[in-house]
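I opened this notebook page to record a few look-ups in the structure. The entries follow in the order in which I made them.

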Amino acid sequence: MASTIPTTMKAHIYTNTSPTLEANLSISTSVPTPTVSGPNELLIQVLSASINPADHKVPELPGPVRRLVIKTPATPGMDFCGRVVQAGTKVDSIALGDIVYGRLGPKQHGSLGEYIIAPANAVAVLPKEGVTVDEAAAIGVAGLTAYQAIQPNVKKGDKIFINGSSGGVGCFAVQIAKVLGCHVTASCSPAKAGLVKSLGADEIIDYTTTDVCEYLRAKGKVFAQVLDNVGTPDNLYKASDDFLIAGGKFVQVGSPLSLGALRSAASRALLPSFLGGGKSKYEVYTIRDSAEDLKVLGQWIKEKKIRVVIEQTYEFEDVPKAFAKLRTGKSAGKLVIHVGK
């Protein structure tokens, strides 16, 4: 199969990101195809990809910071579903031709190119039925984030508040919390309330008309976890002293990617309560590769315990339109791009 792999490939590339990533994307047909160099690596022909806020936030970091993470020219994209066309010498659980799904960290050769390199421990094989390629491509970052941020922190019967419940992570989070037996209170806009309710939310807060902190305070100390996918309101963590149970945890997933947001996260994690900090456990979530977690999510989708919410699919040439849509922050669920055949 290696002989059929082209030496160059088609990919969206950028070298700078001012004023936006999408304004600088162009399609190149002469990008060198990456090759397997490690014994546990896979070369994957991408079929579909999906995008996340980090796919533009990281490249749009100030130049010196960005260059520490990504060498340019680069191709964006972390989530993928694709066909294995080459494998390292120590890969024994995945065969050539298998359709796999997973996520990459921010890197030079992202999933908006025809071929990617991924470690074998960061992918799972697509179930033989019940999960489409587009659905699998949308699991990666959002699905793993929701699962890993919730599953270790709750038990059946717990109450959880999900701040920001209609985006990529939020749609997975509501459903995962329900599968784990939780009572879910979720915030979203009125336009997304029907969707979030259909995903299983027990109670919905309209953040456009309601003071979220006061609403939760009125319930008393009943929540085992807060999952914050938004980063606002700014006082949500401090207010959680009044609605998290003893031992409850505040998990920060999403926030603006800025120095101010980083300072806020640092003060939440380090500032003692007597100096104005919160009393509850505070964690800034960091995603980790896990083939096992991906398998769990794939199986739940196959069994229809959860579903993948895809707002829109795009063809390869329309990637800039997909990023422009993502940037609005108003997508319900995931945006998927068709990369290969």
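**Entry 1: N229.** I listed the contacts of N229, leaving aside its neighbours within four places in sequence, and found I162, N163, G164, V169, G170, V253 and G254. I note here that the model is a predicted one. I then located N229 in the loop between β11 (223–228) and α8 (236–239). Is N229 buried or exposed? Its relative accessible area is 17%, and the limit for buried is under 20%, so N229 counts as buried. I also looked for a polar partner of its side chain. A polar atom of the N229 side chain lies 2.8 Å from the backbone oxygen of G164, and G164 is also one of the residues in the contact list above.

**Entry 2: S28.** I turned next to S28, which I found in strand β2 (residues 26–32). The relative accessible area of S28 is 15%, and the residue is buried. With its neighbours within four places in sequence set aside, S28 is in contact with M9, K10, A11 and I13. Which backbone atom lies 3.2 Å from a polar atom of the S28 side chain? I identified this atom as the backbone nitrogen of S30.

**Entry 3: helix α10.** I checked the dimensions of α10, which covers residues 291–302 and has 12 residues. From first C-alpha to last, α10 reaches 16 Å, close to the 16 Å expected at 1.5 Å a residue. I recorded A291, D293, L294, L297, G298, W300 and I301 as the buried residues of this helix. I then asked what covers the buried residues of α10. The cover includes the strands β5 (99–103) and β7 (123–125), together with the helices α3 (133–137), α4 (140–150) and α5 (168–179). After α10 comes K304, and I noted that its phi is positive, near 65 degrees.

**Entry 4: α4 against α10.** I examined how these two helices pack, and obtained an angle of about 100 degrees with the axes 10 Å apart. An angle of 65 to 115 degrees counts as roughly perpendicular, and α4 and α10 are therefore roughly perpendicular to each other. On the α4 side, the contact is made by G143, L144, Y147 and Q148. On the α10 side, I listed D293, L294, V296, L297 and W300. Sorted by class, the contact of α4 with α10 has 6 nonpolar, 2 polar and 1 charged residues. Of the α10 residues in this contact, I had already entered D293, L294, L297 and W300 as buried.

Notes:
Residues are numbered from 1 along each chain as its sequence is written. This is a predicted model: local features need pLDDT of at least 70, side-chain atom pairs count only at pLDDT 80 or more; totals for chains, interfaces and linings use all residues. Side-chain values use heavy atoms; hydrogens and water are left out. Helices (H or I, at least four residues) and strands (E, at least two) are DSSP runs, numbered from the N terminus. The expected span of a helix is 1.5 Å times one less than its number of residues. Buried means under 20% relative accessible area, exposed over 50%, partly exposed in between (1.4 Å probe, protein chains only). Contact means heavy atoms within 4.5 Å. Axes are lines fitted to C-alpha atoms, for helices over the stretch in contact, and angles run from 0 to 180 degrees between N-to-C directions. Angles under 35 degrees count as roughly parallel, over 145 as roughly antiparallel, 65 to 115 as roughly perpendicular and the rest as oblique. Ala, Val, Leu, Ile, Met, Phe, Trp, Tyr, Cys and Pro count as nonpolar, Asp, Glu, Lys and Arg as charged, and the others, Gly among them, as polar. A polar contact is a pair of N or O atoms within 3.5 Å; within protein, one must be able to donate a hydrogen and the other to accept it, and residues adjacent in sequence count only if both atoms are side-chain atoms.
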